[in-house]
Amino acid sequence: MRTAIFSIALAAFAQLSTALPAPDASAAAPSAEKRDITHLYICDSSNFQGRCQNLEAERNRCYTLFNNWGDTVSSLGPDWGTTCTIWENNDCQGRSIGGIVSPGITNLDDAPWKFNDITSSYKCS
Ligand SMILES: [Ca+2]
């Protein structure tokens, strides 16, 4: 009887061991690619209201807004430690506003920006 219980316990332990996740090497040493990703949070209304999305951005890469985000952004802010520039045209062309840092701009309609519903592309570093 004692042997039977021991066997069941051993079997249960073996099953538990195989269920444990394998050590993740990438968690200990994040890759350069992971470190180069930041975010720009955009909203179609001022004060971070309305439709919002936290856009993923690879540093120093230009992104053109899609999903009906073009010419809608009224407030935005990047991750802490990130600086972003926004442009009026696709592919980071035309008039721009640079030096945008956390917590961002609560109303792009305000002076000196006057950039409400204009943003079409962005780049962060
Ligand atoms: Ca808007």
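Q: In which loop is Pro-112 found?
A: This is a predicted model, in which local features need pLDDT of at least 70 and side-chain atom pairs count only at pLDDT 80 or more, while totals for chains, interfaces and linings use all residues. Residues are numbered from 1 along each chain as its sequence is written. Strands are DSSP runs of E with at least two residues and helices are runs of H or I with at least four, each numbered from the N terminus. With those names in place, Pro-112 is found in the loop between S6 and S7.

Q: What is the omega of the peptide bond from Ala-111 to Pro-112?
A: Most peptide bonds are trans. The bond that leads from Ala-111 into Pro-112 is cis, and its omega is near 5°.

Q: Which residue does a cis peptide bond join to Ser-102?
A: The residue in question has its place in the loop between S6 and S7. The cis bond, with an omega of about 5°, joins Ser-102 to Pro-103.

Q: Is Lys-114 buried or exposed?
A: Lys-114 is found in the loop between S6 and S7, and it has a positive phi of about 50° although it is not a glycine. A residue is buried if 20 or more other C-beta atoms, placed from the backbone, lie within 10 Å of its own, exposed if 12 or fewer do, and partly exposed in between. Because Lys-114 has 11 C-beta neighbours inside 10 Å, it counts as exposed.

Q: What is the phi of Asp-71?
A: Asp-71 lies in the loop between strand S3 (62–64) and strand S4 (75–78). It is partly exposed, because 13 other C-beta atoms lie within 10 Å. Although Asp-71 is not a glycine, its phi is positive, at about 60°.

Q: Which strands give two or more residues to the largest nonpolar core?
A: A nonpolar core is a set of buried Ala, Val, Leu, Ile, Met, Phe, Trp, Tyr and Cys residues joined through C-beta atoms within 7 Å. The largest one has 17 residues, and those with the most contacts inside it are Leu-40, Leu-76, Cys-84 and Ile-86. The elements that give it two or more residues are strand S1 (37–45), strand S5 (84–89), strand S6 (93–100) and strand S7 (121–124).

Q: Which residues does Ile-86 touch, not counting those up to four places away in sequence?
A: Two residues are in contact if their C-beta atoms, placed from the backbone, lie within 7 Å. With residues up to four places away left out, Ile-86 touches Ser-96, Ile-97, Ile-100, Thr-119 and Tyr-122.
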